[in-house]
Amino acid sequence: MAGADSPSAALRRRDLCARGIRLAGKMRSDVVDLLDAYVEQQGLDASASVAAVEGVPPAAVERWDEQTGTQRLLENLAAYRAFRGLLAQMLEEQREQLGEADAALGRALAAVLLQVSAFAYHLEELLRLESRGPPTDEGDGPPPQPQSVFEQKLRGLGVLRELAQWAVRSARDLRQLAKPGPGAGSAPSPAESP
């Protein structure tokens, strides 16, 4: 990684990764709490099967051990940008459905949306440090609108589940990126994969 050549850049990268790992851990904790509240408030079964959420790359990835640090950062950034749009849409739907009836759930959704936005910015900073600016946030427009209220609820469940998985993956990716040495941004050995 070109940007990680100097000792100060390596220290900055490790510092950003450590902060990112803490942010991802806090975000996962908050998302799990939100998921519990969401399931209860929406009257859903926590074990309900939900289809993959359109527009969000799955957190589970084949050949994780072959990805470079930059590839990991770019995938994370794409996912969190998608989550930002989906969570904003969920928040709007929540306000329309319940009004002020359940302000606590709306506040929790807004707090997680803020964390997702902050984490996306954090990933952009890491990409800049790696001498690769973040790709532009072109977006594919707003995510498709579910047809029924029930479909909205199920999609929301899927979004929150996948976000919790991404928080775990992000922490793993940042731990890998923070490793000292010349290969910190390159593909790890198979023994180092999650």
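Contact is taken here to mean heavy atoms within 4.5 Å. The structure described is a predicted model. Under that criterion, and leaving aside neighbours within four places in sequence, Tyr80 is in contact with Met27, Val116, Phe119, Ala120, Leu123, Leu163, Trp166, Ala167 and Ser170. Tyr80 also belongs to the largest nonpolar core, a set of 48 residues, where Tyr80, Phe83, Leu87, Val116 and Leu163 touch the most other members. Two or more residues of this core are given by each of H1, H2, helix H3 (103–129) and H4. Val116 and Leu163 thus appear twice, as contacts of Tyr80 and among the core residues that touch the most other members.

The chain as a whole contains 4 helices and 0 strands, and its elements run α-α-α-α from the N terminus on. Of its 194 residues, 44% count as buried. Contacts between residues at least 6 apart in sequence are joined, in 86% of cases, by residues at least 24 apart.

Two of the helices were examined for their span. H1 comprises 36 residues and reaches 51 Å from its first C-alpha to its last, close to the 52 Å expected at 1.5 Å a residue. Just after H1, Gly43 adopts a positive phi of about 70°. For H3, with 27 residues, the reach between the first and last C-alpha is 39 Å, close to the expected 39 Å at 1.5 Å a residue. A positive phi of about 65° is taken by Ser131, just after H3.

Internal space was considered next. Rolling a probe the size of a water molecule over the atoms shows where empty space is left. In this model the count comes to 1 cavity of 30 Å³ or more, and the largest cavity holds about 40 Å³ of space. The lining of the largest cavity is formed by Tyr38, Gln42, Met90, Glu93, Gln94, Gln97, Gln152 and Lys153. H1, H2 and helix H4 (149–178) are the elements that give two or more residues to this lining. The greatest share comes from H2, with 4 residues. By residue class, the lining of the largest cavity divides into 2 nonpolar, 4 polar and 2 charged residues.

Individual positions were then compared with residues distant in sequence, beginning with the loop between helix H1 (7–42) and helix H2 (69–98), where Thr68 is placed. Thr68 has a relative accessible area of 29% and is therefore partly exposed, since that class lies between the 20% limit for buried and the 50% limit for exposed residues. The C-alpha atoms of Thr68 and Asp173 are separated by 9.6 Å, although the two residues are 105 residues apart along the chain. Ala60 is likewise found in the loop between H1 and H2. The relative accessibility of Ala60 is 67%, so Ala60 counts as exposed. Ala60 and Gln165 are 105 residues apart in sequence, with a C-alpha to C-alpha distance of 8.0 Å.

Two further positions lie within helices. Gln41 is located in helix H1 and, because its relative accessible area is 26%, is partly exposed. The C-alpha atom of Gln41 is separated by 8.4 Å from that of Asp102, a residue 61 residues apart from Gln41 along the chain. Gly106 is placed in helix H3. With a relative accessibility of 17%, Gly106 counts as buried, because the class is defined by a value under 20%. Gly106 and Met90 are 16 residues apart in sequence and 9.2 Å apart in space, C-alpha to C-alpha. Met90 is also one of the residues that line the largest cavity.

Terms used. Residues are numbered from 1 along each chain as its sequence is written. This is a predicted model: local features need pLDDT of at least 70, side-chain atom pairs count only at pLDDT 80 or more; totals for chains, interfaces and linings use all residues. Side-chain values use heavy atoms; hydrogens and water are left out. Buried means under 20% relative accessible area, exposed over 50%, partly exposed in between (1.4 Å probe, protein chains only). The expected span of a helix is 1.5 Å times one less than its number of residues. On a 1 Å grid over the protein atoms alone, a cavity is a set of points where a 1.4 Å probe fits but cannot get out, and a pocket is an open set with protein on both sides within 12 Å along at least five of seven lines; lining residues have an atom within 4 Å of a point. Grid points are joined across faces, edges and corners, and a volume is the space filled by probe spheres set on the points. Ala, Val, Leu, Ile, Met, Phe, Trp, Tyr, Cys and Pro count as nonpolar, Asp, Glu, Lys and Arg as charged, and the others, Gly among them, as polar. A nonpolar core is a set of buried Ala, Val, Leu, Ile, Met, Phe, Trp, Tyr and Cys residues joined through side-chain atoms within 4.5 Å.
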